[in-house]
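Here are some exercises to work through with the model open beside you. Try each task before you read its solution.

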Amino acid sequence: MSRYWNEGNFSQPTVTELRRNTLASQKKAQAKGQQLEPVVIQGRTIAKSWWGQAWCKNLERYADYDSRLERGKRYVKSGAVLDLKIQKGKILAKVQGTRKTPYKVEIRISPLSEEKCQAILNKCGRKIETLEALIAGDFPKELKELFLEDGGLFPTPKEIGFTCSCPDWALMCKHVAAALYGIGVRLDEQPALFFELRGIEMGRFIDVALENKVEAMLANAQKPSQRIMDEADLSALFGVL
């Protein structure tokens with residue numbers, strides 16, 4: 001019996017069909033002079049750097065996204081994300097699907113509040129020494145866990161909003177999921193985009209962290225060290241009257 005609502009029975013294109021449609025869309029865009037920024041994956045692993053892997057890991061730990069992420073992986077690995085641009089608090093993407101015209105995806109990331117950012121800075125000020133270390137993800141394990149934990153730098157589902165031009169009315173369609181994974185790939189190439197996405201000026205972030213470290217060091221410099229012995233203790237130790 002026919003039903004008014006066709007709940008989720010959308011046809012799934014094969015990898016070959018996806019790639020063929022993607023290639024056709026790329027040629028059409030080039031003919032119009034459009035500049036595309038496709039997501040290209042080398043090998044089987046979606047993301048390889050700490051920032052890219054951490055982004056994907058953060059997505060996968062939320063049950064809200066569990067049912068759709070696998071389809072998104074398939075799409076991004078097939079090269080279906082033919083354009084992805086990261087701006088302050090927003091990602092604009094074009095993802096190839098069954099039809100010839102790519103679907104338009106918009107993902108919005110809530111900016112990090114000043115209070116939340118300052119709390120993170122206070123905790124990591126003594127851990128990050130240079131901008132280069134931050135970009136490389138070359139900092140202590142406990143700091144990495146701080147970035148990923150609730151209240152850290154990586155966004156929660158409540159801080160992520162999205163829309164897609166496809167007819168799939170599910171909470172998260174496969175095109176959005178593919179674009180979210182595409183962000184992880186882009187962070188492999190340009191880790192600094194993570195801070196732009198979260199509305200943080202990266203240079204300022206490091207400067208404040210180092211300023212906090214210097215202030216803490218100066219404050220401690222005024223306190224007598226517990227390892228310094230007074231004259232009475234020295235006399236007792238060495239038997240000097």
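**Exercise 1. A salt bridge between neighbours**

Task: Is Glu-106 buried, partly exposed or exposed, and which residue does Glu-106 pair with in a salt bridge?

Solution. Start with the accessibility: Glu-106 comes out at 27% relative accessibility, which makes Glu-106 partly exposed. Keep in mind that this is a predicted model, so every value here is computed from predicted coordinates. Next, look for the partner. Arg-108 makes a salt bridge with Glu-106, and their closest N and O atoms are 3.8 Å apart. That fits the cut-off, because a salt bridge needs the nitrogen within 4 Å of a carboxyl oxygen. Finally, check the partner's setting: Arg-108 counts as partly exposed too, at 34%.

**Exercise 2. A salt bridge across the sequence**

Task: Find where Arg-198 and Glu-159 sit, and work out what their salt bridge ties together.

Solution. First the contact: the side chains of Arg-198 and Glu-159 form a salt bridge, 3.5 Å from N to O. Then the places: Arg-198 is in the loop between helix H8 (193–197) and helix H9 (202–221), while Glu-159 is in the loop between helix H6 (141–148) and strand S4 (160–164), so the pair links parts that are 39 residues apart in sequence. Now the surroundings. Arg-198 is buried at 1% relative accessibility, and Glu-159 is buried at 14%.

**Exercise 3. A helical pair and its network**

Task: Why are Lys-73 and Glu-70 about one helical turn apart, and which residues are joined with them in a network?

Solution. Count along the helix: Lys-73 and Glu-70 are about one turn apart because they are three residues apart in helix H3 (residues 66–77). Their side chains meet in a salt bridge at 3.5 Å, N to O. Glu-70 is exposed, with a relative accessible area of 52%. To get the network, follow shared partners: salt bridges join Glu-60, Glu-70 and Lys-73 into one network. For the wider tally, a search of the whole structure finds eight salt bridges.

**Exercise 4. Reading the sheet**

Task: Give the strand order of the sheet, and say which strands stand at the edges.

Solution. Begin with the elements: the protein has ten helices and four strands. Along the sequence they follow the pattern α-α-α-β-β-β-α-α-α-β-α-α-α-α. The four strands make an open sheet in the order S1-S2-S3-S4, with antiparallel pairing. Strand S1 (81–87) and S4 are at the edges with a single partner strand each, so one side of each has no neighbour in the sheet. From one strand to the next, the twist averages 15°.

Now go pair by pair. S1 and strand S2 (residues 90–95) pair antiparallel over six bridges, and Asp-83 has Lys-94 in S2 as its bridge partner. The two strands form a hairpin with two residues between them, and Gly-89 in the turn has a positive phi of about 75°. At the other end, strand S3 (residues 103–109) and S4 run antiparallel and are joined by five bridges; here Val-105 has Cys-164 in S4 as its bridge partner.

One last check on S1: five of its seven residues are buried, so S1 is largely enclosed by the rest of the structure.

**Exercise 5. The largest pocket**

Task: Which helix gives the most to the lining of the largest pocket, and how do the lining residues divide by type?

Solution. Size it up first: the largest pocket has a volume of about 360 Å³. The lining is made of 16 residues, with Ser-25, Lys-28, Lys-100, Thr-101 and Pro-102 nearest the centre. Helix H1 (residues 15–31) is the top contributor, with six residues. By type, the lining splits into five nonpolar, four polar and seven charged residues.

**Exercise 6. Buried or exposed?**

Task: Compare the settings of Leu-59 and Lys-158, and see what each has a C-alpha distance to.

Solution. Leu-59 is found in helix H2 (residues 50–60) and is buried, at 1% relative accessibility. The C-alpha atoms of Leu-59 and Gly-184 are 9.9 Å apart, though the two are 125 residues apart along the chain. Lys-158, by contrast, is in the loop between H6 and S4 and is exposed at 84%. Lys-158 and Ile-109 are 49 residues apart in sequence and 9.2 Å apart between C-alpha atoms. For the overall picture, 42% of the 241 residues of the protein count as buried.

Key:
Residues are numbered from 1 along each chain as its sequence is written. This is a predicted model: local features need pLDDT of at least 70, side-chain atom pairs count only at pLDDT 80 or more; totals for chains, interfaces and linings use all residues. Side-chain values use heavy atoms; hydrogens and water are left out. On a 1 Å grid over the protein atoms alone, a cavity is a set of points where a 1.4 Å probe fits but cannot get out, and a pocket is an open set with protein on both sides within 12 Å along at least five of seven lines; lining residues have an atom within 4 Å of a point. Grid points are joined across faces, edges and corners, and a volume is the space filled by probe spheres set on the points. Ala, Val, Leu, Ile, Met, Phe, Trp, Tyr, Cys and Pro count as nonpolar, Asp, Glu, Lys and Arg as charged, and the others, Gly among them, as polar. Buried means under 20% relative accessible area, exposed over 50%, partly exposed in between (1.4 Å probe, protein chains only). Two strands pair if DSSP finds at least two bridges between them. Axes are lines fitted to C-alpha atoms, for helices over the stretch in contact, and angles run from 0 to 180 degrees between N-to-C directions.
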